[in-house]
Amino acid sequence: MPEHHIGTIDEFTEGEGVRVTLDSNLDVAVFNVDGELYAILDNCLHMNYPLHEAGSTSRQPGGVNEKTCSIKCPWHGLEWSLEDGYNATLNKNLPTFDVETRGTEVYLIR
Amino acid sequence: MARAQPRQQDERVEDLTIVDTDFHIGIHDAELLMPYVDSDVLADKLDRWGLPQYAKTGWTLSYAQDIESGTTAHGHASTTGEVVDAMAEFSFDGVLATPGGVGLFLPRIRWSLVKIELAKAYNRYLIENVVDPDQGIYGVFILPEWNVDDAVEEIQTMSSKRGIVGAASFVDPWNHTAGTGVARDPIFRELADRDLPLVLHQSGKEDALMSRNVSRESRVESTSLAFPFNAMSDMTNMIMTGLFDKFPDLEVLIQECGMNWVPFVANRLDDQLQRYSYDVMLGDRKHRMGEKHLRNLPSEYVRDHFYFSTQPVALPKSPKHSESMLEMCNANESVIFSSDFPHGTIDVADWLFDNPGVNDDLRRNIAADTAIELFDIDL
């Protein structure tokens, strides 16, 4: 599968998310959860708002949960698993992507 | 790989002129209002005990959302500088500063004196600390409607203030602005004569529904239905009591109650009026006017006198249905954008682009043009 170089490990702060855009048209939110990187489509199904600010303290509805490896949408709080993209309220999954770290370089597999 | 900006800073949104017609000024601290409180009695209470508590209805937001979130979920703005910062964050070119914090819950405070004095203090705070038309910040003052004379006097005072473009009241079963019939007509006359729209915001939420089902245990039922239910009730009553026959220049903006219910109510009223129109003449206002019937169909009053702010927009997912809904709501002339900043229920403006039912003209009208005309805003 194609891989995309999306930065270096120090660009992904623990407990926060970063939006990366692949092929100029696909927005992906990459989260550092307890040192592991996870990637999920940056688009909440509720109102199509971006998820990558889930770790921001300026938006109370959001959050990154290390125990459940999940995030809450920073806009209205819908919860998404970072492992499989699952949301129990909708019983639907958002696409997730594999992320690999080689040395300090980070790649997203798609 | 490219890093993108957050959605609300989307270039399309930045390029569009946007007026947010429900931007809350958070008053959560008595000290903000203290310099503007005239009553020694209230000043003493505020100094010793802080802002008054208001009647609540039993819902615990964090239980429903599984997070701590609320009226500061996306920030806080109570000064001109803070409003300007938020406007930049969300690409708003203008805002209609709407009461927030204690200002939203005045109907649910028990003492008329406290409500009236807090309303007046908020209004003076708003003028001195928030409103600045040169920066696109306009405001609505709180109508101290719990005493008609006070309300009329406040309209006369506030209407001369630069940047004050409307009067704020509430849709709330505890506080039906129009519900006491002709007793409040001096307020409506003053507003109509001065071309000041009446701006009705949701206050308390759930009371209208709680009495109808004691087993109601989901907040979704409350927030989904109670807001529009209260709006339907007030709008219907204003129309059927002949308020707009007596004050044909009066205009009303209903905030935070959505809009999808509007075509249902308009069509239902039209139908029912043509079956049961012969007690309209018994209504206090119509009787005193010497008129037996409404001059127009209810749907025509809805079209000509009411505006609806978008948040929560909640359009159908289907583009075809969405387009039809906007058309049925007369969105091109009657629907205006709102965000509800900074509450946890916030809408940002990107839906105006992502929705295929919104063409360029409609987008401009919803985003700003209709509000600019309604409130005589100069950006």
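Select B:Ser169 in this predicted model. Opposite B:Ser169 stands B:Leu200, a residue of strand 5 of chain B.

Now widen the selection to the two strands. Take residues 164–171 for strand 4 and residues 198–202 for strand 5, both of chain B. They pair in the parallel sense, over five bridges.

Keep strand 5 of chain B on screen and add helix 10, residues 219–240 of chain B. Which strands does helix 10 of chain B lie across? Strand 4, strand 5, strand 6 (252–255) and strand 7 (306–309) of chain B. Its direction is at about 150° to strand 5 of chain B.

Next, show the whole sheet. It is an open sheet of eight strands in chain B, with the order 1-2-3-4-5-6-7-8 and parallel pairing. Strand 1 and strand 8 (335–336) of chain B are its edge strands, as each pairs on one side only.

Move to strand 2 of chain B, residues 94–99. Buried or exposed: what are the residues of strand 2 of chain B? Six of the six are buried, under 20% relative accessible area, so the strand is largely enclosed by the rest of the structure.

Look at the neighbours of strand 2 of chain B. Strand 1, residues 19–25 of chain B, pairs with strand 2 in the parallel sense over five bridges. Pick B:Phe23 there: B:Ala97 of strand 2 stands opposite. Then select strand 3, residues 137–142 of chain B. Three bridges join strand 3 to strand 2 of chain B, and the two run parallel. Finish on B:Leu96, whose bridge partner in strand 3 of chain B is B:Tyr138.

Technical notes
Residues are numbered from 1 along each chain as its sequence is written. Chains are lettered from A and ligands numbered from 1 in the order in which they are written. This is a predicted model: local features need pLDDT of at least 70, side-chain atom pairs count only at pLDDT 80 or more; totals for chains, interfaces and linings use all residues. Side-chain values use heavy atoms; hydrogens and water are left out. Buried means under 20% relative accessible area, exposed over 50%, partly exposed in between (1.4 Å probe, protein chains only). Helices (H or I, at least four residues) and strands (E, at least two) are DSSP runs, numbered from the N terminus. Two strands pair if DSSP finds at least two bridges between them. Contact means heavy atoms within 4.5 Å. Axes are lines fitted to C-alpha atoms, for helices over the stretch in contact, and angles run from 0 to 180 degrees between N-to-C directions.
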